[in-house]
Amino acid sequence: MRNQPKYNFFKNTSYALKGLVDLIKTEKSFKIELVITLILFPVIIFIDTTLTNKALMFITLMGMLIAETTNSAIERVVDLVTLEHHDMAGRAKDVGSAIVFLSIFIFVVTWTILLIDIL
């Protein structure tokens with residue numbers, strides 16, 4: 001039997017919001033990427049381009065936050081399992097960092113290509 005309560009939309013939403021608040025309070029990288037998102041989101045709204053381009057811009061922007069959230073989850077689970085230095089623990093954290101790096105790379109390339117095309 002799984003240690004999981006029955007699905008409840010409102011409770012699950014509160015868990016998600018609790019997780020976001022915790023990320024904002026404790027993760028500097030997430031805060032930086034959140035500020036970037038809040039600055040660039042209006043650009044998506046007001047820029048004169050196709051809906052498809054806006055969707056690509058939005059997806060890549062949110063992808064950074066999703067990747068950082070995933071990385072933070074990996075780091076926390078690894079730290080829960082062991083605080084001692086372990087090669088596999090380090091490799092797991094490195095993979096989490098790679099997820100963030102790749103999401104930022106995709107974001108930068110996508111926005112550069114689209115903005116060059118738009119402007």
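**Exercise 1.** Locate the residues that the UniProt annotation "binding site" covers, and find how they are arranged in space.

*Solution.* The unreviewed UniProt entry places its "binding site" annotation on Glu-27 and Glu-75, where positions follow the numbering used here, feature names are shortened, and annotations may be inferred rather than shown by experiment. Although these residues are spread over 49 residues of sequence, they cluster in space, with a largest C-alpha distance of 11.1 Å. The structure is a predicted model, in which local features need pLDDT of at least 70 and side-chain atom pairs count only at pLDDT 80 or more, while totals for chains, interfaces and linings use all residues. Residues are numbered from 1 along each chain as its sequence is written, and side-chain values use heavy atoms, with hydrogens and water left out.

**Exercise 2.** Decide whether Glu-27 is buried or exposed, and do likewise for Glu-75.

*Solution.* Take Glu-27 to begin with, which sits in the loop between α1 (9–26) and α2 (28–46), helices being DSSP runs of H or I with at least four residues, numbered from the N terminus. Its relative accessibility is 17%, so Glu-27 counts as buried (under 20% relative accessible area; exposed is over 50%, partly exposed in between, with a 1.4 Å probe and protein chains only). Leaving aside neighbours within four places in sequence, Glu-27 is in contact (heavy atoms within 4.5 Å) with Asp-22, Ser-72 and Arg-76. Turning to Glu-75, this residue belongs to helix α3 (residues 51–81), and at 23% relative accessibility it counts as partly exposed.

**Exercise 3.** Describe the secondary structure of the chain.

*Solution.* The chain has 4 helices and 0 strands, which follow the pattern α-α-α-α along the sequence.

Methods
Helix = DSSP H or I, 4+ residues; strand = E, 2+ residues; numbered from the N terminus.
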